[in-house]
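Work through the two exercises below with the sequence and the 3D structure open beside you, and try each task before you read its solution.

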Amino acid sequence: MNKAQIIADESKYVAQTYMRPDLVLVRGEGVYLYDSEGFRYLDLMGGIAVTALGHSDPQWAEAVSDQASLLTHVSNLFYTEPQIRLARQLVENSFADRVFYCNSGSEANETALKFARKYAREHSPDRVRTKIVAFTGSFHGRTMGALSATARSKYRQPFEPLVPDVYFAAFNDQESATALIDDETCAVIVEPLQGEGGVNPATQEFLGLLRSLCDRYNALLIFDEVQCGLGRTGTLWAYEGYGVRPDIMTLAKPLAGGLPIGAALMRESVSQVMDPGDHGSTFAGGPLVCRAAEVVFERINRPEMLTAVGQKGEYLRMAIRQINSPLVREVRGRGLLIGVELACEARPLLKAARDRGLLVISAGDNVVRLCPPLIISYDQIDEAVSVLEESMSALEVAI
Ligand SMILES: *Cc1c(COP(=O)(O)O)cnc(C)c1O
């Protein structure tokens, strides 16, 4: 099929829930993507913070291909080895004692909220404790439960009524959190570094306060590290940068290097509230995705890799700050999850950059988000910054 045919068929046969540029991607290698016309793009969005090892990593591809010809799926009615090996790695390298597998970020958050509701029932059987506290600017996913904890009304409003008893406090606002978290609260869910909401890092004081409020009321603290976890911020988990530990942490995006996976990591006492049959998934934790995830985890969980992510992130933020365009209002983020707040809408800049061979995404209306593969080189960062600079100058003229 040629490009025009693909685009025409998409508009005819696929539900129109996405706005896509006229770009058909056919191949990827490292930090580069190639379209159907043979044009090359420098990829600073990494499939929305997913392809941490870049595209078509040879070791990852070999593991996937080997496992596909060995065993792909049998359901969770049997033991399979990659699932167990990966769980051991995740547990031995985090606060957690156990892992529940699922297939996406939304599902990981559904899992966390279900565990939290059951935990509250088991631990205070005489009282109704179903309240969930989330925050402004949050994004936890599109399924009904995860959506209930997602702040943006544009995503919520058409689908109401959502799961009841979810309330929003202001992100990074200690007074607001203190006013809302109480003895009816079963869980507090927060992204240590908000992604979709505009790349907003939580403050140390704020996460510390949430931890102590959850301790006071025996509520579970859930960190959604679907986007910011697994090396993205320069530490294996974003929470390490704060010294505050959650009771449950959700993971997904980068974990299997581009294959669908989700996971909820949790403390033993949380895990104990669920009995066999209480929760489950047909596909989750299959041998293929887990084998892929083992490669990703092993490659990212190395001191030299994590240190490099921190340094490259710092370098990239500094370079953008030096662009000195009136369009740039603020540059923020941690590691290689960076938000550039603009004085204008982000969309025209995404297009200007794309036309010059650079792929970036937005986070909200006026923030450009950079979340490249973690293997990006300094030369590629320089290349990206110079294209961004050119794109900004082009826009300044246009405005
Ligand atoms: C992307 C994202 C989700 C939802 O993940 P899906 O895999 O799209 O369901 C949840 N939380 C955060 C922080 C995310 O960035």
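Two exercises follow, one on a pocket and one on a sheet.

The model is predicted, so local features need pLDDT of at least 70, side-chain atom pairs count only at pLDDT 80 or more, and totals for chains, interfaces and linings use all residues. Residues are numbered from 1 along each chain as its sequence is written, and side-chain values use heavy atoms, with hydrogens and water left out.

**Exercise 1.** Describe the lining of the second largest pocket, and find which helix gives the most to it.

*Solution.* A pocket is an open set of points on a 1 Å grid over the protein atoms alone, where a 1.4 Å probe fits, with protein on both sides within 12 Å along at least five of seven lines, and lining residues have an atom within 4 Å of a point. Step one: the second largest pocket holds about 790 Å³ of space, and among its 28 lining residues Asn76, Gln83, Val99, Phe100 and Tyr101 are the closest to its centre. Step two: helix 4 gives the most, with 5 residues. Step three: the lining divides into 14 nonpolar, 9 polar and 5 charged residues.

**Exercise 2.** Work out which strands stand at the edges of the open sheet of 4 strands.

*Solution.* Strands are DSSP runs (E, at least two residues), and two strands pair if DSSP finds at least two bridges between them. Step one: the order is 1-2-3-15, with mixed pairing. Step two: strand 1 (25-29) and strand 15 (358-359) each have a single partner strand, so they stand at the edges with one side left without a neighbour in the sheet. Step three: strand 3 (residues 40-43) runs parallel to strand 15 and is joined to it by 2 bridges, with Leu359 as the bridge partner of Asp43.

Conventions:
Grid points are joined across faces, edges and corners, and a volume is the space filled by probe spheres set on the points. Ala, Val, Leu, Ile, Met, Phe, Trp, Tyr, Cys and Pro count as nonpolar, Asp, Glu, Lys and Arg as charged, and the others, Gly among them, as polar.
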